[in-house]
Amino acid sequence: MDFTLTDEQTMLRDAVRSYLAGRYPLVESRSAARSAERWQPAVWAAFAADLGILAATLPESVGGLGGGPEEMMVIAEELGGALVVEPYIGTAVVGAALLRGAGGAAADAVCSAIAEGEARIAFALTEPDSGREPWDIGTAAVRDGDGYVLTGAKIVVADLPLATHLIVAARTSGERLDRDGLSLFLLEVDAAAPPAGIAAQYYRTIDDHQTGDLVLDDVRVPASALLGAEGGAWQVIERALDDGTAAVCSEAVGIMRRVVAETVEYAKQRRQFGVPIGSFQALQHRMVDMSLELEQAVAATYLAVLNLDADPKVRRRAVSAAKITIARAARFVGQNAVQLHGGMGMTEELAIGHCFKRLTAIETEFGSAIDHLRRYADATAG
């Protein structure tokens with residue numbers, strides 16, 4: 001397995017890193033996330049026009065650059081290292097995967113808008129009374145004349161306050177826990193004025209990302225809102241969730257690289273008993289353990305990314321193994337970094353506290369370690 005980046009991928013990494021180092025200060029990004037606007041539109045426009053990262057992994061047929069999972073990994077890792085809160089993964093990874101998997105003229109049009117920085121996607125999947133399975137969906141889509149009527153509720157819809165388009169997973173047939181009978185619907189939305197029948201509540205999470213809850217009360221949509229074949233959406237959803245999982249694993253790697261580097265540097269500067277605390281053997285061992293957890297996380301993430309296009313069973317095992325490894329490493333690296341920084345580790349002024357919050361959120365994003373242990377066992381047993 002070749003872990004070496006190509007020349008093009010190296011140039012992509014360096015371009016993203018250079019841009020974020022000069023134009024994405026932590027203080028400004030956090031202030032924007034906590035403002036009424038909730039994000040930095042100028043940064044998103046630069047992602048599209050200056051860096052081209054929103055188009056990097058989209059097909060050339062929709063205005064993309066034709067990249068693949070490796071390019072996604074490179075981008076997500078750099079965005080993670082800079083603690084970017086703009087909705088790259090929700091839009092350019094998960095949203096784009098749902099649209100590509102479903103296909104059709106409407107999906108292609110939105111993909112083109114994503115590449116141009118004009119469209120942002122929120123995927124409404126999880127429900128208030130959902131169990132641990134992502135296909136546990138009760139939101140109903142009932143045929144009514146030349147369209148559908150959607151009824152149900154969704155919670156923790158990532159990037160909802162920033163979205164221009166909403167993709168809703170709803171049941172068109174079958175029982176609640178059936179994987180068959182699920183369909184996807186594409187709706188244009190405006191956070192300031194949601195469509196008739198949709199009640200939305202927006203909030204900011206502990207890691208300064210934006211999310212929200214939805215209530216769909218007899219929302220009428222045209223038949224053209226259906227993405228792909230009616231009742232056949234589960235395979236599309238599963239692949240999109242695996243893409244998203246691999247992306248947040250890559251993001252976590254970028255964050256942990258920063259955490260380890262800043263912790264080592266802090267240990268060289270912070271003095272106690274007249275010497276740098278990095279000279280204490282016990283703390284050296286702790287930082288070595290952090291580095292080992294990081295390297296295991298890197299290897300597991302590479303395995304997942306390089307198997308995203310493999311047989312579904314192989315993909316499931318690789319992605320779930322990566323998420324399990326990331327969950328453990330994120331907790332170990334984050335907690336030890338905070339402890340080694342002392343009280344400074346939880347202040348707003350240092351990046352370490354923000355890194356810790358984001359790593360804590362990633363532990364359960366796209367499924368917890370327990371969820372993926374069960375999935376890995378199922379995939380291994382067949």
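In this text a helix is a DSSP run of H or I at least four residues long, a strand is a DSSP run of E with at least two, and both are numbered from the N terminus. Keep that in mind while you look around, and remember that you're looking at a predicted model.

Let's try out the numbering on a loop. Between α10 (351-364) and α11 (369-381) runs a loop, and that's where you'll find Phe366. What is the phi of Phe366? It's about 60°, a positive value, even though Phe366 is not a glycine. Here's some background: most residues other than glycine have a negative phi. Asp218 is another one to look up, with a positive phi near 50° in a residue that isn't glycine either. You won't find Asp218 in that loop, though, as its place is in strand β7 (residues 210-222).

Now for the helices. Start with α1 and α4, whose axes come within 9 Å and cross at roughly 20°. Angles under 35 degrees count as roughly parallel, so α1 and α4 are roughly parallel to each other. As α1 passes α4, the crossing is right-handed.

Next, find helix α5 (residues 88-102) and follow it against α7. Their axes are 9 Å apart, and the packing angle is about 155°. Anything over 145 counts as roughly antiparallel, which means that α5 is roughly antiparallel to α7. The crossing of α5 past α7 is right-handed.

Some of these helices turn up again around a pocket. Which elements give two or more residues to the lining of the second largest pocket? They are α1 (7-23), α4 (69-81) and α7 (234-269). This pocket has a volume of about 350 Å³. Its lining is made up of 13 residues, and those nearest the centre are Ala21, Glu78, Gly81, Ala82 and Arg258. Sort the lining by type and you get six nonpolar, two polar and five charged residues. Two domains take part here: domain 1 (7-119) and domain 3 (234-381) each supply at least three residues to the lining.

What about space that's closed off? Rolling a probe the size of a water molecule over the atoms shows where empty space is left. Searching the whole structure turns up one cavity of 30 Å³ or more. The largest cavity holds about 70 Å³ of space. Among the residues lining it are Leu160, Leu166, Val189, Asp190, Pro194, Ile198 and Tyr202. Strand β6 (residues 198-204) provides the largest share of that lining, with three residues. How does the lining of the largest cavity divide into nonpolar, polar and charged? The split is 11 nonpolar, no polar and one charged. Asp190 is part of this lining, and Asp counts as charged.

Conventions. Residues are numbered from 1 along each chain as its sequence is written. This is a predicted model: local features need pLDDT of at least 70, side-chain atom pairs count only at pLDDT 80 or more; totals for chains, interfaces and linings use all residues. Side-chain values use heavy atoms; hydrogens and water are left out. On a 1 Å grid over the protein atoms alone, a cavity is a set of points where a 1.4 Å probe fits but cannot get out, and a pocket is an open set with protein on both sides within 12 Å along at least five of seven lines; lining residues have an atom within 4 Å of a point. Grid points are joined across faces, edges and corners, and a volume is the space filled by probe spheres set on the points. Domain bounds come from an automatic or database domain assignment. Axes are lines fitted to C-alpha atoms, for helices over the stretch in contact, and angles run from 0 to 180 degrees between N-to-C directions. Angles under 35 degrees count as roughly parallel, over 145 as roughly antiparallel, 65 to 115 as roughly perpendicular and the rest as oblique. A crossing is left-handed if the near helix is turned anticlockwise from the far one by less than a right angle, and right-handed if clockwise.
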